[in-house]
Amino acid sequence: MTNEKHHIVPYSTYAIILAALLLFTFLSVAITGIELGEFTVAGALLLATIKSYLVLTYFMHLKFDKAYIRIMVGFVFLVFLAVIIITFLDYYFR
Amino acid sequence: MQASSHIPHDVSYLEYKGKHNGLLSWILSTDHKRIGLLYMYSMMTLFLVGVVLGLAMKFELIAPGKTIMDAQDYNAVFTVHGVIMIFMIVVPGLPAVFGNFLLPIMIGAKDVAFPKLNLASWYVYIAGALLVIASLLFGDGSPDTGWTFYAPYSFKTGANMLPAIFGAFVLGFSSILTGLNFIVTIHRMRAPGMGWTKMPLFPWTLYGTAWIQLLATPVVGITLVLVALERIFGIGVFDPALGGDPILYQHLFWIYSHPAVYIMILPAMGAISEVIPTFSQKHVFGYKAIVASTMAIAFVGYFVWGHHMFTSGMSGTAQYTFSILTFLVAIPSAIKVFNWISTMYKGSINVQTPFYWAASFIFVFMIGGLSGLVLGALATDVYVHDTAFVVAHFHFIVFGGVGFAFFAAIHYWFPKMFGRMYDSLWANVGWIIFFIGFLALYSPMFYLGMQGMPRRYYDYLEQFHAANILSTLGSWVMTLGLVIIIINLFRSAKSGPIAGKNPWNGKTLEWTVPSPPPVENFETIPVYHEKDGPYEY
């Protein structure tokens, strides 16, 4: 597709994102050593969410892609969220 | 834009000699049409295995007590029958065969977006199938959990579960790759001028299906990995003895496996939506309503999985929610049936074999769908849960739906795929025998279930004997019909009369290319104009 623009991401950006991902991975491991009670899982999920956001935004180029691609990915997350909410209609009310 | 190539346009995909000859020219081909046929022949082989296992089950049930196998063998037979039929036949079914063969042609493209990935999907499919078959031949006995691999039994049983679980996991990758390929193909490779509202209905259903394949399949993949880890390491996610929750397995399994029913049925509905306008010689009634109902089924179908679990101990709130959502999904299904019937109304109906299959599809699908309401309602579901009623409902939907649509599709597109016509008389004889056998096989199961006969038992009380005899006889009649259909199609593919490029007067793009199509389908990519549409009669 020669008639389409491609955004060139500098290597330095990828290096920063890689460092951030490694940092959050270490944090994910470290957080298990802290007694957070019922928030332990929530903390791990929060870190995983941040990592996913970085991967999707930079490594998968969503930041530089067309709006409809971002909408499609957003729609997937909405479906995922709905599945979790419906599943918890069982667990919370059991 | 697609690059032009040196491949001559007057040579069909069946005759084209590429770099390789013989078998290699098939198993190394990236032509979407050859890959479609590779899937078809692989599935037919596996389908015959599944049919033999089904016949064995029905033969066992011809009389109470042991007839030809004991309880453990029966458990293994219904498990392998289910795994083969679900994961290897009906889930990939229409998308892998007819989607691969026809999607690029119907949207005016030369191939799918990623032809090599497409061939890789077939290899992954074969690898998964071999793993499942290996579970039968090696190890400590065939899997005996049923196709659902329910926890905790799936990691407690001494049977050979790991290859079967891993095989189903691998098969999922084939499904994901095909779905991804189809989404990109439909977004990026439609003919110039073919907007979304000009795209034929079969590609639309493939599009909805592809999204489900992409979003739902990973869930079952990770679930099966967890079962494998539970078996090997005892990680305790699903094991109640270790604080795990076996109902969580059911949630995760059905989050995939109920949408998988729509992976099966949506392309079947798409094929029927092609057959009916062609044989009614009339513009399809309510094109946009059919498209909207397709996407609505794909979307709402994602949130109804809990109706498989009404008796599992799930919370009442979840039960009510899933029951309401299940009734919601009946609405777009009914819209489709209304549109098909309305398309026929005042049409110039040409009663040919594909039309017979399509009309009987509507009949059996309606029975399957309406019996589904009995299972979607909480009070009645408790009564018939895990009885033969569920088996009847399931087979009316999955075999009556997908199977009948598959046969409608193969009889509809056969002249395009092979460039030859089949013998209509034998095709019709095969259809009527199959149809009668189908009804005799599965209808008694509704009665048996209402009377309380449980599913998955190799033995039963004497009061169920008469209906079981009828059901077994039905399986023999249906198999006779199947044999006639398959022999007729095989013989016709070799020596049937030559078919023209448009024997049914169809209006979609596949009927504008020669039969069988050339390797790259179109000499020049067609251009859609404002007045053009897929069903303009």
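Colleague: What makes you say that the span of helix H2 of chain A agrees with what it should be?

Modeller: Helices here are DSSP runs of H or I of at least four residues, numbered from the N terminus, and the expected span is 1.5 Å times one less than the number of residues. For the 21 residues of helix H2 (residues 39-59) of chain A that gives 30 Å, and because the end C-alpha atoms are 29 Å apart, the two values agree. Just after H2(A), His61(A) takes a positive phi of about 65 degrees. This is a predicted model, in which local features need pLDDT of at least 70 and side-chain atom pairs count only at pLDDT 80 or more, while totals for chains, interfaces and linings use all residues. Residues are numbered from 1 along each chain as its sequence is written, and chains are lettered from A and ligands numbered from 1 in the order in which they are written.

Colleague: Why is chain A called more spread out than a compact globule?

Modeller: The radius of gyration is taken over C-alpha atoms, and the globule rule is 2.2 Å times the number of residues to the power 0.38. For 94 residues the rule gives 12 Å, whereas chain A has 17 Å, well over that value, so chain A is more spread out than a compact globule. Along its principal axes, the C-alpha trace of chain A spans about 55 × 30 × 10 Å, and chain A has three helices and zero strands, a strand being a DSSP run of E of at least two residues.

Colleague: How do you know whether His411(B) is buried or exposed?

Modeller: A residue is buried if 20 or more other C-beta atoms, placed from the backbone, lie within 10 Å of its own, exposed if 12 or fewer do, and partly exposed in between. His411(B) has 26 such atoms within 10 Å, and therefore counts as buried. His411(B) lies in helix H14 (residues 388-418) of chain B. In chain A, by contrast, 2% of the 94 residues count as buried.

Colleague: What makes residues of chain B count as being in contact with chain A, and how many are there?

Modeller: Two residues are in contact if their C-beta atoms, placed from the backbone, lie within 7 Å, and 11 residues of chain B are in contact with 10 residues of chain A. Helix H11 (316-344) and helix H9 (246-280) of chain B each supply at least two residues of the side that touches chain A, and H11(B) gives the most, with four residues.
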